[in-house]
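Reader: I would like to go through the fold and the empty spaces of this chain. Please keep the answers short.

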Amino acid sequence: MAITFLYWFFVTFSTPKSTLEILKDYNKSGVSPIVTQENFRGFEYRKLTIQKDTTLPILVFVHGAIGSIRDFEQYILDSAIRAKANIIAYDRVGYNYQDKNTVQESIAFERDMLLDIINPLKKEKVILVGYSYGGPIVLAVKEKVKEVILLAPAIYSSEETMPWLLNFYKWNLTKWLVPDIWKEASKEKISHKKDLQNFEVDWQNNPNSIVSVHGTKDWIVPFSNSKKLQEKYDEDRFKLLEIDGVGHGFVWTNYNEIKEQILKSLN
């Protein structure tokens, strides 16, 4: 019974909501974002935008795998953050609500899609925030922006872990049990290690100031990812914020520490 409930909980939590459901959730808190259907290279995706003042910085959130625009809801709803920033969040291809497309398994594709989103913006006002697999996507952007914030970034192939649960996706006998959104994440997880090898030798050439926030007990994306990246940069361009004793879910459990860093970056 407990296993059934746990399975139901994770499926429900990770499955993307419809746009109507998302807007209802925001409206309950008195927030009215604009949610639009966008197109990139023939792929439709969903983008959420809150714009109050064109003079403000722009936070652009990039989710991981599994993930969606829901991952950052707590931050988007925070009045202190909204008072200091315009906000954009979007669903990557394969992670949209009832998405008929599959994940692209390509950091280059994801980088170009992100560039397509930020190119119309004033880049000197843009702060890119990448969580987990969103980390290498924002780090691959070589254009100068206001700042880059990495949250538990999965950026080195040597540090990639392959959880045993991936076998449920690999085995034909159990693959049918895996929810569609988890299949997309599993597919991306398996190919990510190889794809990183095309980019990790060049991380140090990102021209931006970078902050990496990471839990020291993260077994999904090990803390060593951020430590290795720290070695590539001078202290004046890279800051590592360690959150002691926490794992990969710290973006929800340790919200206040991350919020504090975001507010510093917005100043």
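The turns below take the chain as a whole, then its sheet, then its cavity and a pocket.

Reader: How compact is the chain for its length of 267 residues?

Author: This is a predicted model, with 12 helices and 8 strands in the chain. The globule rule gives 18 Å for 267 residues, and the radius of gyration of the chain is close to that, so the chain is as compact as a globular protein of that length, at 18 Å.

Reader: In what order do the strands of the open sheet lie?

Author: The open sheet is formed by 8 strands, and their pairing is mixed. From one strand to the next, the twist averages 20°. The order is β1-β2-β4-β3-β5-β6-β7-β8.

Reader: Which strands stand at the edges, and why is one side of each left without a neighbour in the sheet?

Author: An edge strand here has a single partner strand, so one of its sides has no neighbour in the sheet. The strands in that position are β1 (34-40) and β8 (238-243).

Reader: Which residue in β5 does Val60 stand opposite?

Author: Strand β3 covers residues 58-62 and strand β5 covers residues 126-131. The two run parallel and are joined by 5 bridges. Opposite Val60, the residue in β5 is Leu128.

Reader: At about what angle to β1 does helix α5 run?

Author: Helix α5 spans residues 107-118. It lies across β1, β2 (43-50), β3, β4 (86-90) and β5. Its angle to β1 is about 125°.

Reader: Which element gives the most to the lining of the largest cavity?

Author: The structure holds 1 cavity of 30 Å³ or more, and the largest cavity has a volume of about 70 Å³. Its lining includes Arg92, Glu105, Tyr133, Glu188 and His192, and by class it has 3 nonpolar, 3 polar and 5 charged residues. The elements that give two or more residues to this lining are α5 and α9. The one that gives the most, with 4 residues, is α9.

Reader: Which helix gives the most to the lining of the second largest pocket?

Author: The second largest pocket has a volume of about 210 Å³. Of its 13 lining residues, the closest to its centre are Asn96, Gln98, Asp99, Asp180 and Ile181. By class, the lining has 5 nonpolar, 5 polar and 3 charged residues. With 3 residues, the helix that gives the most is α9 (residues 180-196).

Technical notes:
Residues are numbered from 1 along each chain as its sequence is written. This is a predicted model: local features need pLDDT of at least 70, side-chain atom pairs count only at pLDDT 80 or more; totals for chains, interfaces and linings use all residues. Side-chain values use heavy atoms; hydrogens and water are left out. On a 1 Å grid over the protein atoms alone, a cavity is a set of points where a 1.4 Å probe fits but cannot get out, and a pocket is an open set with protein on both sides within 12 Å along at least five of seven lines; lining residues have an atom within 4 Å of a point. Grid points are joined across faces, edges and corners, and a volume is the space filled by probe spheres set on the points. Ala, Val, Leu, Ile, Met, Phe, Trp, Tyr, Cys and Pro count as nonpolar, Asp, Glu, Lys and Arg as charged, and the others, Gly among them, as polar. Two strands pair if DSSP finds at least two bridges between them. Axes are lines fitted to C-alpha atoms, for helices over the stretch in contact, and angles run from 0 to 180 degrees between N-to-C directions. Contact means heavy atoms within 4.5 Å. The radius of gyration is taken over C-alpha atoms; the globule rule is 2.2 Å times the number of residues to the power 0.38.
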